[in-house]
Amino acid sequence: MKKILAFAFVLTMAVGLIACGKKEEAPVETPAPVETPKPEAPAETPVPEEEPAEEEESAGNMWVRQTNGDQVQSYLTGEWVDKSVGDTRPIAYVFNNAQAACPQTGISRSGVIYEAPVEGYMTRLMGVMEEWQDLKKIGSVRSCRDYFVQFALEFDAIYCHYGQAVYALDLLSKDYVNNVSGLASSGAGYPGDIVYYRTSDRKAPHNCYASGEGIMKGIDKLGYSMDYDKEYTGKLGFVSEGETADMSGGQSGKVIKPGYPVNKPTFEYNESDGLYYRSQYGGKQIDDMTGKQLAVKNVILQYCYADTRDAKGYWWVDSHTGGPMRYFSDGKVIEGTWERGEDDTDSGHYYDQNGNELLLNQGKTWICIISATDAGEVHWE
């Protein structure tokens, strides 16, 4: 059921999303007060024809997740993966996105990537990953912001970070938050001495990494389950095998500029493979592990109430109220809305303009969190 606030927000945004403007360059990020200084995803596996697929359906999510023998559709991409992968909780890993920390390592393993502003209008990334155990180097890792934890909870993910802003401490202490931190001051979730390590090739705080083996040791030490909660049914919905998302009536959406003023990212659509290729800081954004440019099938712009919460520029983002969204895929863009329940453990969903759940094309998704007041900075063509 659509929230009244969400409708009011959509009407307000209708004018704001058309506006244009230029934001002043933001200062370099300052550390949080409490911090101290697969190769590409495997190719889709076809469904065996001789064995009918089982279906899972939930009241909160209209998407029908299919299983077939030893294969299951991924909660992150909708693609077929081994059950040992698809039925295991993912991690949500906080990637440093300062220019001095690029290129990141291991980020291309993410099925879903979140991007949102932090202090000084820099952005930080969170990769939701279901295949990470074999990685030797993931990062560099940075500190927690409470809204990233809230987004991670939508995937029932184990949250990996190194320290946190003071505003996140209360949320991290909740029994429903499973986090693996690198700092003892994080309270619950501190096995950092066996999870994270520093390299000599970059200066702190841009040189802290973890390995898949180390993360697993931390999870074991903290006693977290690797099984999805029995009530979990997924956040994203996907089209069926061999089908494509309904983009009818959509505008051209081949170049996307989310409007973040520091890294100035863009996504450019490649018709030959149907993917959006990511650039920032004036060049291609690559994974240092593969040497390849990051590319995703879907890009979502999710507009949220947001504002700075103190003189130091720490952000508050409303991850519950709902509002407008835009979905880009196959070189087009359509408009819709997003909704989420009041509890942190609720998973939000996306809807088209007719109120139907939005089913995405199978593949990786990049979600940009846009402050409602910055909607006029977003451009596409």
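This is a short tutorial dialogue on reading features of the structure above.

Me: What should I know before I start reading this model?
Reply: The model is predicted, so local features need pLDDT of at least 70 and side-chain atom pairs count only at pLDDT 80 or more, while totals for chains, interfaces and linings use all residues. Residues are numbered from 1 along each chain as its sequence is written, and side-chain values use heavy atoms, with hydrogens and water left out.

Me: Let's begin with strands. How do they pair in a sheet?
Reply: Strands of a sheet pair through backbone hydrogen bonds, either parallel or antiparallel. Strands here are DSSP runs (E, at least two residues), as helices are (H or I, at least four), numbered from the N terminus. Two strands pair if DSSP finds at least two bridges between them. In this structure, three strands form an open antiparallel sheet in the order 8-12-11. Strand 8 (138-139) and strand 11 (196-198) are the edges, each pairing on one side only. Strand 8 is joined to strand 12 (residues 208-210) by two bridges, and Gly139 stands opposite Tyr209.

Me: How many residues lie between strand 2 and strand 3 in their hairpin?
Reply: There are two, and Gly69 in that turn has a positive phi of about 60 degrees. Strand 2 (residues 65-68) and strand 3 (residues 71-73) are antiparallel, with two bridges. Asn68 has Gln71 as its bridge partner.

Me: Now helix 3: is it mostly covered or exposed?
Reply: Buried means under 20% relative accessible area, exposed over 50%, and partly exposed in between (1.4 Å probe, protein chains only). Helix 3 (residues 146-153) is mostly covered, with eight of its eight residues buried. Among them are Tyr147, Phe148, Phe151 and Leu153.

Me: And which residues have the most contacts inside the largest nonpolar core?
Reply: In soluble globular proteins, nonpolar side chains tend to be buried together. A nonpolar core is a set of buried Ala, Val, Leu, Ile, Met, Phe, Trp, Tyr and Cys residues joined through side-chain atoms within 4.5 Å. The largest one here has 50 residues, and Tyr114, Met126, Phe155, Tyr159, Tyr327 and Tyr350 have the most contacts inside it. Helix 3 gives the most to this core, with six residues. A second, separate core of 41 residues includes Tyr93, Cys160, Tyr196 and Tyr260.

Me: What does Phe155 contact?
Reply: Contact means heavy atoms within 4.5 Å. Leaving aside neighbours within four places in sequence, the partners of Phe155 include Leu76, Tyr114, Tyr232 and Lys235.

Me: How do I read the empty spaces?
Reply: On a 1 Å grid over the protein atoms alone, a cavity is a set of points where a 1.4 Å probe fits but cannot get out; a pocket is an open set with protein on both sides within 12 Å along at least five of seven lines, and lining residues have an atom within 4 Å of a point. Grid points are joined across faces, edges and corners, and a volume is the space filled by probe spheres set on the points. The second largest pocket holds about 370 Å³. Its lining has 21 residues, with Asp246, Ser248, Ile334, Asp352 and Leu358 nearest the centre. Strand 24 (residues 332-339) supplies the largest share of that lining, three residues.

Me: What about the second largest cavity?
Reply: About 70 Å³ of space lies in the second largest cavity. Of its 10 lining residues, Ser108, Leu294, Ala295, Val296 and Lys364 are closest to the centre.
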